[in-house]
Amino acid sequence: MKQTTAPAGAPLQTPSDLPALMGKRYRIERLLGVGGMGAVYRARDLVREQFGDPEPWVALKTLNDTFSRHPDANALLYSEFALTSRLHHRHIVRPHSFHVDAQSKRAFLTLELLAGPTLDQIMSSHPEGLPWSDLQPLALALLDALQHAHQRGVLHGDIKPTNVMLCESDVRLFDFGLGQGNEGLLSRLPRLSRRRLAAWTPRYAALELLDGGDLSPATDLYALACVLYELASGHHPFSRLTARQAMRMDQYRSLQKPAHLPAHCWPALRRALAFEPAQRTSSVSELRQVFGQPIRRWWPWPQWAAVSLPLGRTSQ
């Protein structure tokens with residue numbers, strides 16, 4: 001199946017003429033968000049409601065008019081559903097079902113309804129970055145989610161703060177609409193052409209993607225490294241420039257460790273931010289390992305601690 005393209009610089013748009021009742025089951029209540037490819041709505045599942053489910057609401061995602069007119073539109077949205085359905089992780093959004101509405105001929109998928117702030121909202125309230133006590137669990141959740149996706153052969157393709165939500169004291173990575181399968185049968189699913197696609201976010205895109213290269217675990221790693229740096233410092237590592245612009249200005253050389261980031265995490269994170277793929281020698285698993293390490297005390301234990309603590313003994 002051929003790749004789908006979108007004109008560069010296309011404005012965000014909501015789907016027009018959507019039925020109020022999708023698939024004779026999901027009643028749309030309100031718009032939740034708009035992205036480069038489509039829109040997400042809060043919808044009420046009438047079947048759940050009929051059987052007394054106290055929480056019958058779902059998130060309903062459909063493509064915008066530009067994408068929905070393409071002959072492969074339904075297959076492309078199914079690709080997102082197929083990829084996300086392969087993932088079973090507490091920090092990744094859970095999909096429910098895929099449908100094609102008979103009246104409008106529009107494909108749509110339903111997912112768990114998330115409620116909470118996205119990471120960009122958290123960042124805006126912490127302009128100096130998050131303290132390590134808050135940063136570490138967030139970082140580990142995202143690293144665990146991405147590691148699980150890669151192990152299952154799924155590439156996200158658009159990791160950024162607005163695609164991460166904090167809900168009920170938990171973290172969810174969502175929106176695999178620009179993702180693709182990396183191995184096996186998943187690699188045969190329809191893909192979007194990134195050469196002309198305007199739906200993604202250039203400042204989180206690795207240099208090879210900007211040059212027309214393919215998605216890979218290393219491109220996801222670069223995007224997540226940008227997010228982690230931003231969480232720790234309060235600002236994008238390269239002043240919100242694209243990798244190509246930042247490389248021309250030699251900004252990698254002047255990268256400084258964020259104040260809230262422990263020293264032992266910095267070498268691996270800095271390598272993950274390298275522009276050239278050959279120099280991006282970190283991995284998601286290495287970042288997970290260093291971010292999971294406890295902070296080492298550099299000062300000696302006080303004398304009273306050695307006397308008071310029952311070293312070498314365990315409670316029964």
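## Two loops with positive phi

Lys 24 sits in the loop that runs between strand E1 (21-22) and E2. In this predicted model, its backbone does something worth a look: phi is positive, about 55°, although Lys 24 is not a glycine. As for where the residue sits relative to the surface, Lys 24 is exposed, with a relative accessible area of 76%.

Further along the chain there's another case. Asp 175 also isn't a glycine, and it has a positive phi of about 65°. You'll find Asp 175 in the loop between strand E9 (170-173) and strand E10 (180-181). Its relative accessibility is 25%, so Asp 175 counts as partly exposed; the partly exposed class covers what lies between the 20% and 50% cut-offs.

## Aromatic pairs

Now for the rings. The structure holds eight aromatic pairs. One of them joins Tyr 26 and Phe 108 in an edge-to-face arrangement, with 5.8 Å from centre to centre and 75° between the planes. Tyr 26 belongs to strand E2 (residues 26-34) and Phe 108 to strand E6 (residues 107-111), so this pair ties together parts that lie 82 residues apart in sequence. Both partners are tucked away from the surface: Tyr 26 is buried, and Phe 108 is too.

There's a cluster to look at as well. Tyr 78, Phe 81 and Phe 98 are linked into one by ring pairs.

## A charge over a ring

Have a look at Tyr 252 too. Arg 270 lies over the face of this tyrosine, at 4.3 Å from the ring centre.

## The second largest pocket

Next, some empty space. The second largest pocket has a volume of about 370 Å³. Its lining is made up of 13 residues, and those nearest the pocket centre are Glu 55, Glu 112, Leu 113, Leu 114 and Glu 168.

What kinds of residues make up the lining of this pocket? Seven are charged, five are nonpolar and one is polar. Which domains do the lining residues come from? Domain 1 (21-111) and domain 2 (119-184 + 198-292) each supply at least three of them.

## Quick recap

If you're clicking through the model, here are some places to stop:

- Lys 24, exposed at 76% relative accessible area, with its positive phi of about 55°.
- Asp 175, partly exposed at 25%, with a positive phi of about 65°.
- Tyr 26 and Phe 108, both buried and paired edge-to-face.
- Arg 270, over the face of Tyr 252.
- The second largest pocket, with seven charged residues in its lining.

Key:
Residues numbered from 1 in each chain as written. Predicted model: local features only at pLDDT ≥ 70, side-chain atom pairs only at ≥ 80, totals over all residues. Heavy atoms only, no water. 1 Å grid on protein atoms, 1.4 Å probe; cavity = no way out; pocket = protein on both sides within 12 Å on 5 of 7 lines; lining within 4 Å. Points joined across faces, edges and corners; volume = space filled by probe spheres on them. Nonpolar A, V, L, I, M, F, W, Y, C, P; charged D, E, K, R; others polar. Domains from an automatic or database assignment. Phe/Tyr/Trp six-rings, centres within 6.5 Å; stacked < 30°, edge-to-face > 60°. Helix = DSSP H or I, 4+ residues; strand = E, 2+ residues; numbered from the N terminus. Buried < 20%, exposed > 50% of the residue type's maximum accessible area, 1.4 Å probe, protein only. Lys NZ or Arg CZ within 6 Å of the ring centre and 35° of its normal.
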